[in-house]
Amino acid sequence: MTDDLTTLIASIEEQEQRLVFPRFDAGDAWALGCLLVNLATERTLPVAVDIRHGQQQLFHAGLPGATADNDAWIERKVRVVYRFGASSFLVGRRLAAKGQTLGAELGVDPALFAAHGGAFPVRVTGAGIIGVVTVSGLPQADDHALVVEAIESLLLTPHQ
């Protein structure tokens, strides 16, 4: 494993340990979704945004330039978070570090699962992973970074 990949994995693991919500409900999903849409709109990013609580979709938006293909990628990334208990980017980077890819050897169909950045677990203190927030439409590291930026911002300035 290269030093750069080791450093990246450690950074993503730190993000996942640090970015934990005290609670997360429909209002929090709305606030986070609106924040993501605002950030993407300001930057003219062609993304789709999706937020789930369990299997319930609480927020979804497709910005100009996003397509139905982005929605399919969201579904595949969300499955990775729920199956492996980590962000889709972290799962993909851990596999890359081992020279592996996501597939039958791990018991999943790559047509249904995508270990590409953009889906981040919604963790709640004392409850673990209760949902997923996903962005699709940019290079995977950028999808991941946008989600992390929005979660960090929301956790620093919670809504009323």
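1. Ala104 sits in the loop between α4 and β4. Helices here are DSSP runs of H or I with at least four residues, and strands are E runs of at least two, numbered from the N terminus. At 67% relative accessibility, Ala104 counts as exposed. The cut-offs are these: buried is under 20% relative accessible area, exposed is over 50%, and partly exposed lies in between, using a 1.4 Å probe and protein chains only. Trp73 is 31 residues away from Ala104 along the chain, and their C-alpha atoms are 18 Å apart.

2. A word on the basis. This is a predicted model, in which local features need pLDDT of at least 70 and side-chain atom pairs count only at pLDDT 80 or more, while totals for chains, interfaces and linings use all residues. Residues are numbered from 1 along each chain as its sequence is written, and side-chain values use heavy atoms, with hydrogens and water left out.

3. Phe113 also belongs to the loop between α4 and β4. Unlike Ala104, which is exposed, Phe113 is buried, with a relative accessible area of 14%. Beyond four places in sequence, Phe113 touches Arg76, Arg79, Val80, Arg83, Leu102 and Val108; contact means heavy atoms within 4.5 Å. Ile74 is 39 residues from Phe113 in sequence, yet the C-alpha atoms are 9.5 Å apart.

4. Ser88 is in helix α4, which covers residues 88–97. Its relative accessibility is 0%, so Ser88 counts as buried. A polar atom of the Ser88 side chain lies 2.6 Å from the backbone oxygen of His116. That can be set against the polar-contact limit: N or O atoms within 3.5 Å, where within protein one must be able to donate a hydrogen and the other to accept it, and residues adjacent in sequence count only if both atoms are side-chain atoms. Leaving out residues up to four places away, Ser88 touches Lys77, Val80, Val81, Ala114, Ala115, His116, Gly117, Gly118 and Ala119.

5. Asp143 is in helix α5. Asp143 is buried, at 2% relative accessible area. Neighbours within four places aside, Asp143 contacts Lys77, Gly117, Gly118, Val135, Ser136, Gly137 and Leu138. Lys77, Gly117 and Gly118 also appear among the contacts of Ser88.

6. Now the packing. The largest nonpolar core has 30 residues, and Phe21, Phe24, Leu32, Leu36, Val133 and Ile151 touch the most other members. Such a core is a set of buried Ala, Val, Leu, Ile, Met, Phe, Trp, Tyr and Cys residues joined through side-chain atoms within 4.5 Å. At least two residues each come from α2 (26–42), β2 (48–53), β3 (56–62), β4 (119–124), β5 (128–136) and α5 (140–156). The largest share, seven residues, is from α2. Apart from this core lies another, of 13 residues, including Ile12, Val91, Leu102 and Val108.

7. How do α2 and α5 meet? Their axes come within 10 Å and cross at roughly 125°. The axes are lines fitted to C-alpha atoms, for helices over the stretch in contact, with angles from 0 to 180 degrees between N-to-C directions. The two helices are therefore oblique to each other. On the α2 side, Asp28, Ala31, Leu32, Leu35, Leu36 and Leu39 take part; α5 offers Leu146, Val147, Glu149, Ala150, Ile151, Ser153 and Leu154. Leu36 touches Leu146, Val147 and Ala150, and also Val49, Val133 and Val135, not counting residues up to four places away. Oblique is what remains once angles under 35 degrees (roughly parallel), over 145 (roughly antiparallel) and 65 to 115 (roughly perpendicular) are set aside.
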